[in-house]
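Grab a pencil and open the viewer. Try each exercise yourself before you read its solution.

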Amino acid sequence: SYTDHNIGVVLDELKALGHWNDTIIVFWGDHGYKLGHHGAWCKHTNFQTDTNTPLMIRIPGLTEGGMISDALVEHVDIMATLVEAAGLAKVQTCPKNKPWTVRRCTEGHSFLKLVENPNAAWKNASYSQYPRGGSSNPYMGYSMTTDKKWRFTAWVDFDGHTNTTTFSMHGSRCGFELYDHNTDPEENVNLAYHSEHKQTVDELFAQLKAGWRATASALTT
């Protein structure tokens, strides 16, 4: 394709300039894409099809021969990974309150350990969000994919003026979605309201509300 060709042009030029062995390369997409999945088009939902993206990295001396990891990595992890791979000082984790007051920070963690060992212990969940309902009556869908192959989404009340939520669920369009990627990777059967999965929903909702900080705190260094 045209994109593949142009990536090749850039890589060939990198080699011609003599920087192939001292340059880290990352290739990723900003979102997934539906081609009629779930009766919809493009990217504007919280289904895994929309939020799952390609991510490849080449680090001279570490990735020769290639490797694949099934670990849950996120876009916020890319900067932290590049910083560590380049031997630069670690970027601090964003403070919980007023993160805009610090010069630079990140919500991600370097996945360089996965480059060194694709099966290393890693995050137990990845996170995404996307709204619905419009500015006059907004709902936010907070989603989480877990290392146990659950895909969970909570549609909650959302304050569009402060861009915050208390995870209350008073609105008529609030609710849960739960999919088992072991048996339903295309997310066609919502299990959230099956009585046998009530405990799973309760546990995943608590984990979702705890968010990325709780996931990060469980990481081994």
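Here are four exercises on this predicted model, each with a worked solution.

**Exercise 1. Work out which strands pair with S7, and how they run.**

Step 1: Start with S6. S6 and S7 run antiparallel, and 7 bridges join them.

Step 2: Pick out one pair on that side. Thr145 has Arg151 in S7 as its bridge partner.

Step 3: Look at the link between these two strands. S6 and S7 make a hairpin with 3 residues between them, and Lys149 in the turn has a positive phi of about 75 degrees.

Step 4: Now try S8. S7 and S8 also run antiparallel, joined by 6 bridges. Here Thr153 sits opposite Glu177 in S8.

Step 5: Check how covered S7 is. Buried means under 20% relative accessible area, and 8 of the 8 residues in S7 are buried.

**Exercise 2. Find the residues that touch the most other members of the largest nonpolar core, and say which elements supply the core.**

Step 1: The core has 18 residues, and those touching the most other members are Tyr142, Phe152, Ala154, Phe176, Leu178, Phe205 and Leu208.

Step 2: Strands S6 (139-146), S7 (150-157) and S8 (175-180), plus helix H5 (198-217), each give at least two residues to this core.

Step 3: Zoom in on Phe152. Skipping neighbours within four places in sequence, its contacts include Tyr142, Met144, Phe176, Leu178, Val201, Leu204, Phe205 and Leu208.

Step 4: Don't miss the other core. A second, separate one has 8 residues, including Ile59, Leu112, Trp122 and Leu219.

Step 5: Put this in context. In soluble globular proteins, nonpolar side chains tend to be buried together.

**Exercise 3. Name the buried residues of helix H3 and say what they pack against.**

Step 1: H3 covers residues 76-85, and Asp77, Ile78, Ala80, Thr81 and Val83 are buried in this helix.

Step 2: Think about helix geometry. An α-helix has 3.6 residues a turn, so residues three or four places apart point the same way.

Step 3: Find the partners. The buried residues of H3 pack against strand S1 (25-28), strand S4 (55-58) and helix H4 (112-116).

Step 4: See what comes after the helix. H3 is followed by Gly87, which has a positive phi near 75 degrees.

**Exercise 4. Decide whether Ile7 is buried, partly exposed or exposed, and find its patch.**

Step 1: Place the residue. Ile7 is in helix H1, residues 2-16.

Step 2: Apply the cut-offs. Buried is under 20% and exposed is over 50%. Ile7 has 30% relative accessibility, so this residue counts as partly exposed.

Step 3: Find the patch. Ile7, Phe27 and Met56 make a nonpolar surface patch of about 250 Å².

How values were computed: Residues numbered from 1 in each chain as written. Predicted model: local features only at pLDDT ≥ 70, side-chain atom pairs only at ≥ 80, totals over all residues. Heavy atoms only, no water. Patch = residues over 30% accessible without salt bridge, like charges linked within 9 Å, V, L, I, M, F, W, Y side chains within 5 Å. Areas by Shrake-Rupley, 256 points an atom, 1.4 Å probe, with all protein chains shown as cover. Salt bridge = Lys/Arg side-chain N within 4 Å of Asp/Glu carboxyl O. Helix = DSSP H or I, 4+ residues; strand = E, 2+ residues; numbered from the N terminus. Buried < 20%, exposed > 50% of the residue type's maximum accessible area, 1.4 Å probe, protein only. Core = buried A, V, L, I, M, F, W, Y, C linked by side-chain atoms within 4.5 Å. Contact = heavy atoms within 4.5 Å. Pairing = 2+ DSSP bridges.
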